[in-house]
Amino acid sequence: MLAVYADAPSPDDPMAALVVGERPGPEPPDGWTTIAVEAASLNHHDLWTLRGVGISPDRFPMILGCDASGLDPDGNPVVVHGVISSPDWTGDETFDPARSLLSERYPGTFAEQVAVPRRNLLPKPAGLSHVEAACLGTAWLTGYRMLFTRSGLRPGQTVLIQGASGGVATALIVLARAAGLRVWVTGRTEPKRAAAARLGAHATFEPGARLPDRVDAVMETVGRATWSHSLRSVKPGGTVVVCGATTGPNPPADLSRLYFRQISVIGSTMGTRNELAALISLLVTTGLRPVVDLELPLDRAREGFAKMAAGETAGKIVFTRR
Ligand SMILES: NC(=O)c1ccc[n+]([C@@H]2O[C@H](COP(=O)([O-])OP(=O)(O)OC[C@H]3O[C@@H](n4cnc5c(N)ncnc54)[C@H](OP(=O)(O)O)[C@@H]3O)[C@@H](O)[C@H]2O)c1
């Protein structure tokens, strides 16, 4: 079948490891099923995999892609929850020490077909297109958990979102605005800041800018480049929720600021099946939809990867079957 995969880890030049070509079709084990993929969205995770981050070298070649929308063997439209927990795990799947994401241990979704555990499927509502539904399982689910499960934020409070144009960042902007938060966003260019304002940001700032006031919580996906600003921007007793470190995972710890200001740093990863169900319900109820920057047929996936690698995102990049 046609698939987009990482041939071997390529730490310095991720695009060199990217292959669009033929891979064997899935052979689902007991309890799993095969989904015909209609759409799957690109995440920064796929660039990390090409670099060999978060995956052991013996797993290559590996089909990329963490989320999907497609059809089950009976033709029912389904959304895939990409967190694969141990077969006997109960409760919050993200706390299973043995959990993995599709494309880490098991082949991912950038293919004509993908094998997934049956319990990882949710019905796709008719009002959501496959392209929209494909954005939910990683970036939007991550933003949902950061805001609504991990941050402690309440309507009326102020949130700073570091980064304007990425998949998680655009999800955070839309969801935070819908939740009645005051939404402040940093973006690296004026067009990115203007796009964030159109999505619902109440105010936008250049990276590192002094803010009019300290915020109740910061949503961090950028890492080293914005970390000090995040700690300076949060009010005493406030929270920094971290799900990623695009610019590097080891920023200055700034411990004195942490303890004098009594700042809580909270990690967050993906989300549970129940959170994905709630996110889908939220979209159906409110009419909100994921921000889709670009749709490409799977055989042109390289163009999407190049855009993300260059930092030229404006929402989600989605690969479709045709
Ligand atoms: N833990 C988890 O479960 C989880 C889930 C999803 C994502 N993540 C992580 O979260 C991060 C974002 O993922 P994504 O898929 O949203 O990525 P993406 O679409 O490529 O977005 C990258 C974001 O980083 C921002 N950024 C700011 N300064 C940057 C700089 N100097 N260099 C590069 N980017 C910079 C960009 O902001 P501008 O708008 O200003 O360009 C943009 O918002 C990744 O590191 C990813 O691995 C983790």
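## A walk from strand β5 to the ligand

S69 is a good place to start: its relative accessible area is 0%, so it counts as buried (under 20% relative accessible area is buried, over 50% exposed and in between partly exposed, with a 1.4 Å probe and protein chains only). Please keep in mind that this is a predicted model, in which local features need pLDDT of at least 70 and side-chain atom pairs count only at pLDDT 80 or more, while totals for chains, interfaces and linings use all residues. Residues are numbered from 1 along each chain as its sequence is written, and side-chain values use heavy atoms, leaving out hydrogens and water.

S69 belongs to strand β5, residues 68–71; helices (H or I, at least four residues) and strands (E, at least two) are DSSP runs numbered from the N terminus. What surrounds S69, leaving aside its neighbours within four places in sequence? S69 is in contact with V37, E38, A39, V78, K124, H130, A133 and A134, where contact means heavy atoms within 4.5 Å. With V78 there is also a polar link: the side chain of S69 reaches the backbone oxygen of V78 at 3.5 Å. A polar contact here is a pair of N or O atoms within 3.5 Å; within protein, one must be able to donate a hydrogen and the other to accept it, and residues adjacent in sequence count only if both atoms are side-chain atoms. E132 is 63 residues away from S69 along the chain, yet 8.6 Å separates their C-alpha atoms.

Now let us turn to the ligand. There are 25 residues around the ligand, and those that come nearest are H44, S165, K192, C243 and M270; a residue is near a molecule if one of its heavy atoms lies within 4 Å of it. Helices α1 (44–51) and α4 each give at least two residues to this shell, and α4 makes the largest contribution, with three residues.

Which atoms does the ligand meet at polar distances? A polar backbone atom of C243 is 2.8 Å from a ligand nitrogen, and a backbone N or O atom of V168 sits 2.9 Å from a ligand oxygen. T269 uses its side chain, with a polar atom 3.3 Å from a nitrogen of the ligand. On its own the ligand has 930 Å² of accessible area, and the protein covers 87% of that (areas come from the Shrake-Rupley method with a 1.4 Å probe; for residues, only the protein chains shown count as cover).

C243 and M270 also lead us on to helix α3, where T142 is found. Leaving aside neighbours within four places in sequence, T142 is in contact with both C243 and M270. T142 has a relative accessible area of 6%, so it is buried.

Helix α8 is next. Its 14 residues, 273–286, reach 20 Å from first C-alpha to last, close to the 20 Å expected at 1.5 Å a residue; that expected span is 1.5 Å times one less than the number of residues. The buried residues of α8 are E275, L276, L279, I280 and L283. Why do they share a side of the helix? They lie on the same side of α8 because they cover an arc of only 140° around the axis, the arc being that of the directions from the helix axis to the C-beta atoms. The other side of α8 has N274 and T285 exposed. The buried residues pack against β6 (77–80), β10 (121–123), α3 (136–150) and α4 (167–178). Just after the helix, G287 takes a positive phi of about 85°.

Some backbone details are worth a look too. S103 has a phi near 85°, positive although the residue is not glycine; S103 is in the loop between β8 (100–101) and β9 (113–117) and is buried at 0% relative accessibility. D254, another residue that is not a glycine, has a positive phi of about 55°. D254 sits in the loop between β15 (234–242) and α7 (255–260), and is partly exposed at 25% relative accessible area.

Finally, F60 and P61 are joined by a cis peptide bond with omega about -5°, and P61 is part of the loop between α1 and β4 (62–63). F60 leads to A8, which is in contact with A17, L50 and F60 when neighbours within four places in sequence are set aside. A8 belongs to the loop between β1 (2–6) and β2 (18–22) and is partly exposed, with a relative accessible area of 36%. The C-alpha atoms of A8 and G52 are 7.6 Å apart, with 44 residues separating the two along the chain.
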